[in-house]
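Trainee: I have a model open and don't know where to begin. Can we go through some of it?

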There are 4 protein chains.
Amino acid sequence: MTDVAIVGANGYSGEELCSLLARHGGVRIAGVTSRQHAGKPVGSILPRLKGHPAIRDLAFSNATADDVIKTGAKYAFLALPHGLAAEFALPLLNAGLKIVDLSADFRLREADVFQEFYGEAHAAPELLAHAAYGIPEIWREKIKAATLVASAGCYPTSILLPLVPLLRAGQIVTDSIAVSSASGVSGAGRKADVAYLYAECNESLRAYGLPKHRHLSEIEQELTFAAGEKVVITFVPHLAPMTRGIHTTTFAKPKEGVSLAAIKETLTQAYANEPFVRFGDTLPDTKNVVGTNYCDIAARLDERTGRLILLSAEDNLVKGAAGQAVQCFNLMAGFPETQGLL
Amino acid sequence: MTDVAIVGANGYSGEELCSLLARHGGVRIAGVTSRQHAGKPVGSILPRLKGHPAIRDLAFSNATADDVIKTGAKYAFLALPHGLAAEFALPLLNAGLKIVDLSADFRLREADVFQEFYGEAHAAPELLAHAAYGIPEIWREKIKAATLVASAGCYPTSILLPLVPLLRAGQIVTDSIAVSSASGVSGAGRKADVAYLYAECNESLRAYGLPKHRHLSEIEQELTFAAGEKVVITFVPHLAPMTRGIHTTTFAKPKEGVSLAAIKETLTQAYANEPFVRFGDTLPDTKNVVGTNYCDIAARLDERTGRLILLSAEDNLVKGAAGQAVQCFNLMAGFPETQGLL
Amino acid sequence: MTDVAIVGANGYSGEELCSLLARHGGVRIAGVTSRQHAGKPVGSILPRLKGHPAIRDLAFSNATADDVIKTGAKYAFLALPHGLAAEFALPLLNAGLKIVDLSADFRLREADVFQEFYGEAHAAPELLAHAAYGIPEIWREKIKAATLVASAGCYPTSILLPLVPLLRAGQIVTDSIAVSSASGVSGAGRKADVAYLYAECNESLRAYGLPKHRHLSEIEQELTFAAGEKVVITFVPHLAPMTRGIHTTTFAKPKEGVSLAAIKETLTQAYANEPFVRFGDTLPDTKNVVGTNYCDIAARLDERTGRLILLSAEDNLVKGAAGQAVQCFNLMAGFPETQGLL
Amino acid sequence: MTDVAIVGANGYSGEELCSLLARHGGVRIAGVTSRQHAGKPVGSILPRLKGHPAIRDLAFSNATADDVIKTGAKYAFLALPHGLAAEFALPLLNAGLKIVDLSADFRLREADVFQEFYGEAHAAPELLAHAAYGIPEIWREKIKAATLVASAGCYPTSILLPLVPLLRAGQIVTDSIAVSSASGVSGAGRKADVAYLYAECNESLRAYGLPKHRHLSEIEQELTFAAGEKVVITFVPHLAPMTRGIHTTTFAKPKEGVSLAAIKETLTQAYANEPFVRFGDTLPDTKNVVGTNYCDIAARLDERTGRLILLSAEDNLVKGAAGQAVQCFNLMAGFPETQGLL
């Protein structure tokens, strides 16, 4: 059994991590931290997990790097607000832990892009070059070898999985991409904010955060890597009245002479052996992926305009957060990639 | 008091029509038809309306053209499936009634486009030339003079209201338009179908009907009228887990040299005096328009890509159906346009 | 036109009041207060109401008694937290205004019961004797004559309307009453609290606040008045995943020899001429009353146990708050009781 | 690995069974039947399960007893409408299979009670005496030894688990029990019916099926067994706007001299070693049990009236159906009781 610690376990991603790791089978949860709830039994704050054998005797510890090191964990999952994760990384790495970070802190290769999109200086820029971007379907070998993995964001995962193989294959006009995504409300986190009250979000569909959402920085970084040339896109996120799930609809122009069949062939080959990407004819539906680590993808061509339409769906808290983090961890720690995730 | 009949009153649009007309103040509901429920008191089938003074003594009558004529109504609202409405129109017009049709039957100017998109021959093609397309903000004078108004569809209204003024002003590249819309489940109608069960639609967001949704025919007809040249768009409708509301996000390229300020000026001028279109800075949210006849619109420019993003929201059953029908009726019958709708 | 002021207009009840009074037809909204939003246009904070002719030119004023008096309003609607309303009442009454209070402050006849249930001393106990309890179906004549009406709470209205006529008729065993109610989340108010986030309330049904919910105090006061003897009940409120609506299921034993027919006769007679109570055979459903001022009621007898089951449903923000307040106001000000409410 | 067959796998309970058994670890799904979808790959009809290693190569077979026998399964899970399950039981038992039936067909000990509540003659009354009632917490040893287990219904499980230990202990006045339950819409099954459309159930809370719901028959049978005397209760089920989950609120009178402490002690002892019942202080919330096999229970005393209030919550498709069936199967087949369920 491998000892792991979950740092910041009372948010939605942290709770999902606890749930996934409790039934992983190869890990022992050595510590769970929460500044707000230090000292309290985990089951009293996360009643859904109460009584589970892997959780039963756990209490939240305080959340300093030292507290995490003292647990003896070999791996730390950081489910902290951006900015804070960067402060934990260096002491934990120095103490010999490997890190899966669910925040945005280590997803970008360049500190100035971080500053541009997050409005503050990066707290540990020297680590950026060492971090692997945490989408196994794109960076599997790098993740296996990494000591610090930046598990990818929820919107980025749903946008990158359909586009990256097509850009790698040179099949898409790189300045033709416009994306409309809709997320469940858990994406906003477990924080007291009138905007996310039930009575404000129910029967409500609205765009927000446009035209320059923070996730654009990592999306465009990865699209640019895939295309081998600068890619800039338009991205409109929406809030939809559901707890979980992201649905993404991407408009793009295929390059001259690229048929729908060729696009489907590229995606079929890219994902034929991937356990967590289901590319097929069925139009993705969030309800089919919620509670799973799958990302479902489909492609359609609008022959009347020549536009390609890519559709994708995932659970924002699983493949878009905790599940993907566990998938990365499995690669880092030598477990079968699907362990605890099927 | 003007006598009106509602034909097909047990669907969602028909029920909303009953509700709006019951509190209109200038009309008497002379008849309400439903083949399925003929003979039953309206309040027993539509319990929401039970006991309202304007409904209390009404029973559903059978739904033939003769039944409608016998009510003595001067105006008939047709809330019937497409194909069926066309069969009612001629006898009712011949009997001197004026018609507001909520189906798709008279929205297209050309019978062969109807056949292409609806897969059947039009039942009354000779009437197409006489029908006015029912969006008052676009065709007000024509509606006032018409005996047959084809109240516009829910998706089309949310797409046309932001785009038509910009196309009229020549500010948009006509082949750059891609639209992503999401509708509440009432848009699928009150029919027994597993796909629209609560347990299938809750926590579910999915695209459907792409890439050639039937509503494209009327959308492109009206965009083409506005632009003065052929306009073809990409349109992706989605089903969202809410009862009512449509939210539309439109991507388009402004023509060279057209600024966001110029676009806002066009929309501001177009809608400054319109009682039911609210163009402003606030991002539209379905919850702010549900139960009202408003369409809310906002515009943003993605300066990084040069793409214009238009956002709009309406209640699919009000401004997208029954409310718009009453607004058209008010114009036809000489009532203040907002009567019964504020 | 009668000038009215709405004090505390940015909560859910206050917003609903604005909406109802804007279309009332007999009033002018002379002032709208909000400490939090003083100075801002009403439409910028309550975008649903933006552009309505009755609201268009209004800005929130500060919320002191003097601010309210300065508006020149003849009637003030107080939509304030309990405790605060009591501080406004005396200066407003002294200035000659009449008050409809939506808080709990004036619903109890005795200050010590207030202290017991609300945990604080009453701020204006001398006014308690002058206040009318605001359910027109029970206290119509008193409301007409009152200068201070305490509009009844949402749970109490749904519980009292079915029970009061039966207790008055002596048909119920007074110590046999147990009530299970479920409320939509708007009942918790528009306040930042993790417990009422969408992701906490969706797919969630839970009891709370038992066994001694604050509303019990006014429920038992009114049941006792009706029965002419002390009535104590068990009351279990639940939070249901919906924005609006209250559904109440009441168990009670009919007195020996009292048949279901006799009970139905009592309720039929009590409500035959009431415009906002629909007693009938259909089982009440919140969706049939949401957005209306109706309370729907049905009665069933479980012959196997001899228990009577009373079912009732209302919109917690309309018949349970703002609608009932307007109904009371109509009585106080001499308008037809249903004006603005159908 | 033990071979199992799932008969009637395209309803909600059947789908949940597929999902649970796919990850069980000790079984091989040898066959999955569906008359409606015979011949189609399971993943094409249940897209949520598509691609799972245990499902990937399965197609639905036709649904006759012979088809089930041909799969070679040792255990058959019957997820069929009541009436139909009884027709499968005899041939399957004769062929040596053991059966876990999720329908109501074998839950009652007496055929005439079945006829009274289900309105039809029982198809295999001779088997009733051999069936074990499938709540392991009540009938564990009988289930272990049974060849035919009638997995208990969703409402009954939530009502029996809190009450049975108290009745066994003689702590409750047996004619004092009144129950108010609310179920998610999946409880109505995956069938085309206007009443369960999203737009009919959203924002809707309503009672139904009272005062003599079919589940009363098995509830009272089991309560009577527990009490050792005839128990008759009042039961009001409600439909709540959520996909899954049942919340039950039970009112009852403790016998003279029975304190809340004594009641808590009884429940604590009854469930201290039960892996799937969590009795504690926290008020049960459906969201904490959805997707799990837990039933959460709490108890409160209303000292003002002397009434005991029992609260319980479970997932109607897991502890209320498929999870409980697997729990029973684990006992019958000698697996650890929690296998595949944590």
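Mentor: We will take a helix, some rings, the chain symmetry and one loop residue. This is a predicted model, where local features need pLDDT of at least 70, side-chain atom pairs count only at pLDDT 80 or more, and totals for chains, interfaces and linings use all residues. Residues are numbered from 1 along each chain as its sequence is written, chains are lettered from A and ligands numbered from 1 in the order in which they are written, and side-chain values use heavy atoms, with hydrogens and water left out.

Trainee: Where is the kink in H12(A) centred?

Mentor: On Gln324(A), with a kink of about 45°. The bend at a residue is the angle between axes fitted to the seven residues ending there and the seven starting there. Helix H12 of chain A covers residues 318-333, and its end C-alpha atoms are only 19 Å apart, short of the 22 Å of a straight helix at 1.5 Å a residue. Helices here are DSSP runs (H or I, at least four residues) and strands are too (E, at least two), numbered from the N terminus. The expected span is 1.5 Å times one less than the number of residues.

Trainee: Is H12(A) enclosed or open?

Mentor: Largely enclosed by the rest of the structure, because 15 of its 16 residues are buried. Buried means under 20% relative accessible area, exposed over 50%, partly exposed in between (1.4 Å probe, protein chains only).

Trainee: How many aromatic pairs are there over all chains?

Mentor: A search of the whole structure finds 32. Rings of Phe, Tyr and Trp (its six-membered ring) pair if their centres lie within 6.5 Å; planes under 30 degrees apart count as stacked, over 60 as edge-to-face and the rest as tilted. Tyr75(A) and Phe329(A) are edge-to-face, because their centres are 4.9 Å apart and their planes at 90°. Phe329(A) is buried at 0%.

Trainee: Switching topic. What turn lays chain A on chain B?

Mentor: A turn of 180° with a shift of 0.0 Å along the axis, giving an RMSD of 0.0 Å. That is the relation of a two-fold axis. The superposition is by least squares on the C-alpha atoms of residues with pLDDT of at least 70 in both copies.

Trainee: Last one: which side chains make polar contacts with that of Asn202(C)?

Mentor: Thr243(A) at 2.8 Å, and Glu203(B) at 2.9 Å. A polar contact is a pair of N or O atoms within 3.5 Å; within protein, one must be able to donate a hydrogen and the other to accept it, and residues adjacent in sequence count only if both atoms are side-chain atoms. Asn202(C) is buried, at 5%.
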